[in-house]
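User: Hi! Could you walk me through this one while I have it open on my screen?
Analyst: Happy to, let's have a look together.

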Amino acid sequence: MYLRHQTRPVKVGNLVIGGSDEVIIQSMCTTKTADVEATVAEILRLEEAGCQVVRVTVNNDEAADAIKEIKKRIHIPLVADIHFNYKLALKAIENGIDKVRINPGNIGKREKVEAVVKACKEKGIPIRIGVNAGSLENHLLEKYGYPTADAMVESALFHIGILEELDFHDIIVSLKASDVPMAIEAYGKAAQVIPYPLHLGITEAGTLHAGTIKSSAGIGALLSMGIGSTVRISLSADPVEEVKVARELLKTFGLITNAATLVSCPTCGRLDIDLFSIANEVEEYISKIKVPIKVSVLGCAVNGPGEAREADIGIAGARGEGLLFRYGKMIRKVPEEIMVEELKKEIDAIVVAYEAT
Ligand code: SF4
């Protein structure tokens, strides 16, 4: 378990972000927010995958109006992503949004910022300040010449200052860049001077494969330093994949306790079974399990059981059969045709036993 830098706790709907070692998983809808059916369907899929907070774009009145109906049909806090337009922020707040992502320095006149802050205060809604290396304020680009980690932190402090002047402190901050070293530096510096929870993300990280690697490198480095209270993996892919990657990443650092882990071998010349498809099938099967068990799928019995000694349950392939083993000790042999089904039964039994304790 990698302990967090302590920050101010900020309430978002029925969750608290910051102030503890928990790291909350977020994602963002790809649907048109005004299309309530499609948006709700996507959010329900995200919930099932383990998403804890979901953001939707609120870029027009129809999107802001849709929030009321969407909120009735989902079970996790909903965040409105708003750029510049304070009236949309007010409408989203009125319609029951749980958090607003808006940069106060971009709203415009003081009265408009005050109106948003007042509405948030009245409803107990936090604001996320989203600094992005690609859209820094002109005065910072003039000062620094180009986007830098220091410019990003200064931008965050600028927006935070506006809210603090209005005695508003339910703030969450992100400092996203697609340049991984810059993002790590920006978040690292921000963690030293910003007392609010940090929302981690590597923006525009890319496709499922490349984006997962970039996000894991950047966010993983920060998590290992105890930085970050909430994460969003940004992928050019189904957002459910973002949640899966986030869960896997948090598991790596012991920051998630309600998920099963798969151990599987890379295979070698000793392999006698179709391990890749078995591993994928088992991974899919355990992805919905909400208890911290470890399952191993190994190509052979020579090194397998020993290599997965920590696993609660596992299977090792042999010619025409599978060897089921628990904590590295074989419990029985099963024919190859039914070995995955037998493994699933054993997994179910362990989950039931775990839930009963
Ligand atoms: Fe090779 Fe067996 Fe190790 Fe898999 S478990 S890598 S098949 S020796």
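User: First up, how many Å separate the centres of domain 1 and domain 2?
Analyst: The two centres are 38 Å apart, taken over C-alpha atoms. Please keep in mind that this is a predicted model: local features need pLDDT of at least 70, side-chain atom pairs count only at pLDDT 80 or more, and totals for chains, interfaces and linings use all residues. Residues are numbered from 1 along each chain as its sequence is written.

User: Which residues belong to each domain?
Analyst: Domain 1 covers 10-252 and domain 2 covers 261-356. Those bounds come from an automatic or database domain assignment.

User: What radius of gyration does the protein have?
Analyst: The value is 23 Å, which agrees with the figure near 21 Å for a compact globule of 357 residues. The radius is taken over C-alpha atoms, and the globule rule is 2.2 Å times the number of residues to the power 0.38. Along the principal axes, the C-alpha atoms fill a box of roughly 75 × 45 × 35 Å.

User: How many helices and strands are there?
Analyst: The protein has 12 helices and 15 strands. Both are DSSP runs numbered from the N terminus, with at least four residues for a helix (H or I) and at least two for a strand (E).

User: And what share of the residues is buried?
Analyst: Buried residues make up 46% of the 357. A residue is buried if 20 or more other C-beta atoms lie within 10 Å of its own, exposed if 12 or fewer, and partly exposed in between, with C-beta atoms placed from the backbone.

User: What about contacts between residues 24 or more positions apart?
Analyst: Such pairs account for 62% of the contacts with a separation of 6 or more. Two residues are in contact if their C-beta atoms, placed from the backbone, lie within 7 Å.

User: Let's switch to helices. At what angle do H1 and H2 cross?
Analyst: Helix H1 (residues 36-49) and helix H2 (residues 61-73) cross at roughly 35°, and their axes come within 10 Å. The axes are lines fitted to C-alpha atoms over the stretch in contact, and angles run from 0 to 180 degrees between N-to-C directions.

User: Which side chains' owners meet there, I mean which residues?
Analyst: From H1 you have Val 36, Thr 39 and Val 40, which meet Ala 66, Glu 69, Ile 70 and Arg 73 of H2. By class, that contact has four nonpolar, one polar and two charged residues. Here Ala, Val, Leu, Ile, Met, Phe, Trp, Tyr, Cys and Pro count as nonpolar, Asp, Glu, Lys and Arg as charged, and the others, Gly among them, as polar.

User: Now backbone oddities. What is the phi of Phe 84?
Analyst: Phe 84 has a positive phi of about 70° although it is not a glycine. Most residues other than glycine have a negative phi. You'll find Phe 84 in the loop between strand E5 (78-81) and helix H3 (86-94).

User: Is Phe 84 buried or exposed?
Analyst: Phe 84 is exposed, because 12 other C-beta atoms lie within 10 Å.

User: And where does Thr 267 sit?
Analyst: Thr 267 is in the loop between strand E11 (261-264) and helix H10 (275-286). Thr 267 also has a positive phi of about 70°, and it is not a glycine. With 16 C-beta neighbours inside 10 Å, Thr 267 counts as partly exposed.

User: Changing topic: why does Lys 99 count as buried or exposed, whichever it is?
Analyst: Lys 99 counts as buried because it has 28 C-beta neighbours inside 10 Å. Lys 99 lies in strand E6 (residues 99-101).

User: Which residues does Lys 99 contact?
Analyst: Leaving aside neighbours within four places in sequence, Lys 99 is in contact with Val 12, Pro 77, Val 79, Ile 125, Pro 126 and Arg 128. Lys 99 and Val 79 are 20 residues apart in sequence, and their C-alpha atoms are 4.6 Å apart.

User: What about Leu 78, where is that found?
Analyst: Leu 78 is in strand E5, and it is buried, with 24 other C-beta atoms within 10 Å. Beyond four places in sequence, the residues that Leu 78 touches include Val 54, Val 56, Ile 67 and Ile 70.
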